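Hi,

Here is the structure I promised to pass on to you. Have it open while you read, and I'll walk you through what turned up.

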Amino acid sequence: MQGFVRASFCATYCAAALLSGGAAADEIQVNQVGFLPGAAKWATVPTGKAVGFSVVDAKSGKRVVTGPLGKPATWGPSEQSMQLVDFSSLRKPGSYRLQVTGLADSLPFVVARDAYAALNAASIKAFYFNRASTALLPKHAGPFARPAGHPDTEVRIHASAASAGRPEGTVLSFPKGWYDAGDYNKYIVNSGITCYTLLAAYEHFPAYFQHQDLNIPESDDKVPDLLNELLWNLEWMLAMQDPSDGGVYHKLTNKGFDGKVMPHQAQGERYVVQKSTAATLDFAAVMATASRVFAGFEREQPGLSARMLTAARSAWQWALAHPVEVYRQPADIHTGGYDDATLDDEFAWAATELYITTREPAFYAAIKAATLEARVPNWGDVGGLAWVSLAHHRERLTPAADQALIRQRIAGLAADLTGVWHGSPYRLSLQSKDMQWGSNSTALNQALMLIQGYRLGGDRRQLDAAQAALDYVLGRNPLGRSMVTGFGQRPPLHPHHRPSMADGIEAPVPGFLAGGANAGQQDANGCPPYASKLPALSYLDHDCSYASNEVAINWNAPLVYVSAALQVLTRAPR
């Protein structure tokens, strides 16, 4: 990662700055970062008179692969007639371009054995760039160094969070944590799915992360950098639990959003707001998961695993006593709500993680597995995460666990997603109904669940469908854009991310996934016109576009997981 920040920064952004956005209906659309040698490889071209394609060496122009184009078809979300290019037979490492008669050559792409190593490192390093309560030093942050902001050592108890032991106005310390998205607030609910996804990446693929050097302040210790970065947020989460009763405050926030300023320039008073059942259960699930992960680092972090499990148990007890404490935004608070009134999935997920960690049968009974569906997860629907954990740990569960049901839930969801992918003219599980807030993360969370199916049953189509989702966010989309800052020839240049808006640097902070196409266009009144009303084209590369171009920690987390999983699971050709 250090090399990416210092050596590749200019080369990446100087080229990108010359390219504009807009739809790419008349262009070859391809993953602009590249492919692993053994991966499925597709591109998309507009329907025309051509019947075949060629892959040529980007330097010599030598033709290396040829083949026919797929049949013309129209993809509903963009209403574009297009044809697929399948060049999966290309396996030799190198730099290439695609050619189709009547069209300009594609943007260059690589085939490499470590195709996603830099992407994965940058997507984790993005969390470092969003750290609260600390300065980012030049030796770690390069041109994105900045002073410390939001120490959060003098945070007030809001009226909605007041208790006998902590009355309104009490000043307490809640430092560290990550800024949630484009704003400077910190939310337990969104930290829940985010931290779990990163912990799952480590649990599933520990060897991949063992020696990764992200050039963060903790890189010289014996804890993997992914886990070190997680600790920055987990320690904040631990502070958000009221030790007197186990309940967890929903968020730490200003009363309103900050303007386009750097963290150290944002001086508004900070508050912790209302304890909620959703926040407390998400906290319990994450701490139970983190407890078993950090149990392997007792020497480096003595007592931490036990402390996390104690915190998880305490949170669970609070939630049992307060089963419907739904977050309700106070009248004087105007920041993100993350309010969720459907709590069965949170109870099931928290019970699952506590069961796996403790092996206590009462927690398995509390899952109510027979009624728990498997769905693509998001911050408000976390039931699918329970099945991810049960499937991964299935060989170590107690006899109480229904092994057949675990397989059924994971395999069933993966099969459904694979069916949509196979029937899609674009070879995507993503559909028009998915083009909402954070649609790029929806694509990647679909990929995450497809990968669980592949890990469970070995159906190669599910791995290929997951690859297609990563291709989509890296440039094989109707916009012809990579959706990750700093990667590809057409990355987002103006994300809705306050440090990127206010730091005076032309390029945005690298490694962030933009939210992506959002048919709702909720920011249309405050932004330049969108180019189209069509779902897949509802995107603006403008910092005003919180609806389509914001960044968020829960959107980055599946990018970390999927890029690592594909790097590990895609077998090299023989």
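One thing before we start: this is a predicted model.

Let's begin with a pair of helices. The axes of α13 and α16 come within 9 Å of each other, and they cross at roughly 35°. Their crossing is left-handed. If you want to see who touches whom, look on the α13 side for Ser-441, Leu-444, Asn-445, Ala-447, Leu-448, Ile-451, Gln-452, Tyr-454 and Arg-455. Facing them from α16 are Trp-555, Pro-558, Leu-559, Tyr-561, Val-562, Ala-565 and Leu-569. Sorted by class, the contact of α13 with α16 has 12 nonpolar, 3 polar and 1 charged residues.

Both of those helices turn up again at the largest pocket. Probing for gaps like this is a handy trick: rolling a probe the size of a water molecule over the atoms shows where empty space is left. The largest pocket has a volume of about 890 Å³, and 36 residues line it. To find its centre, look for Trp-379, Trp-437, Gly-438, Asn-554 and Trp-555, which are the lining residues nearest to it. Which elements give two or more residues to this lining? They are α12 (403-423), α13 (439-457) and α16 (553-569). The lining is a mix, with 15 nonpolar, 13 polar and 8 charged residues. Notice that Trp-555 comes up twice, since it is in the contact of α16 with α13 and also among the residues nearest the pocket centre.

Then there is the cavity. The count comes to 1 cavity of 30 Å³ or more, and the largest cavity has a volume of about 30 Å³. Its lining is made of Leu-428, Ser-429, Leu-430, Ala-443, Gln-446, Leu-450, Ala-465 and Ala-469. Helices α13 and α14 (460-473) each supply at least two of these residues, and α13 gives the most, with 3. By class, the lining of the largest cavity has 6 nonpolar and 2 polar residues, with no charged ones.

Now for two more helix pairs. As a reminder, two packed helices are described by the angle between their axes and the distance between the axes.

Take α11 (residues 383-392) and α12: their axes come within 10 Å and cross at roughly 125°. Are they parallel, perpendicular or oblique to each other? The two are therefore oblique. In passing α12, α11 makes a left-handed crossing. Trp-387, Val-388, Leu-390 and Ala-391 of α11 make the contact with Leu-405, Ile-406, Arg-409 and Ile-410 of α12. That contact has 7 nonpolar residues, no polar ones and 1 charged.

The other pair is α6 (residues 225-239) and α8 (residues 304-321). These pack at an angle of about 45°, with their axes 11 Å apart, and α6 and α8 are therefore oblique to each other. Once again, the crossing of α6 and α8 is left-handed. Here Leu-231, Leu-234 and Leu-238 in α6 meet Leu-304, Arg-307, Met-308 and Ala-311 in α8. The classes in this contact are 6 nonpolar, no polar and 1 charged.

If you only have time for one stop, try α13: it packs against α16, gives residues to the lining of the largest pocket and also lines the largest cavity.

Have fun exploring!

Terms used
Residues numbered from 1 in each chain as written. Predicted model: local features only at pLDDT ≥ 70, side-chain atom pairs only at ≥ 80, totals over all residues. Heavy atoms only, no water. 1 Å grid on protein atoms, 1.4 Å probe; cavity = no way out; pocket = protein on both sides within 12 Å on 5 of 7 lines; lining within 4 Å. Points joined across faces, edges and corners; volume = space filled by probe spheres on them. Helix = DSSP H or I, 4+ residues; strand = E, 2+ residues; numbered from the N terminus. Nonpolar A, V, L, I, M, F, W, Y, C, P; charged D, E, K, R; others polar. Axes fitted to C-alpha atoms, helices over the stretch in contact; angles between N-to-C directions. Left-handed = near helix turned anticlockwise from the far one by under 90°. Contact = heavy atoms within 4.5 Å. Parallel < 35°, antiparallel > 145°, perpendicular 65-115°, else oblique.
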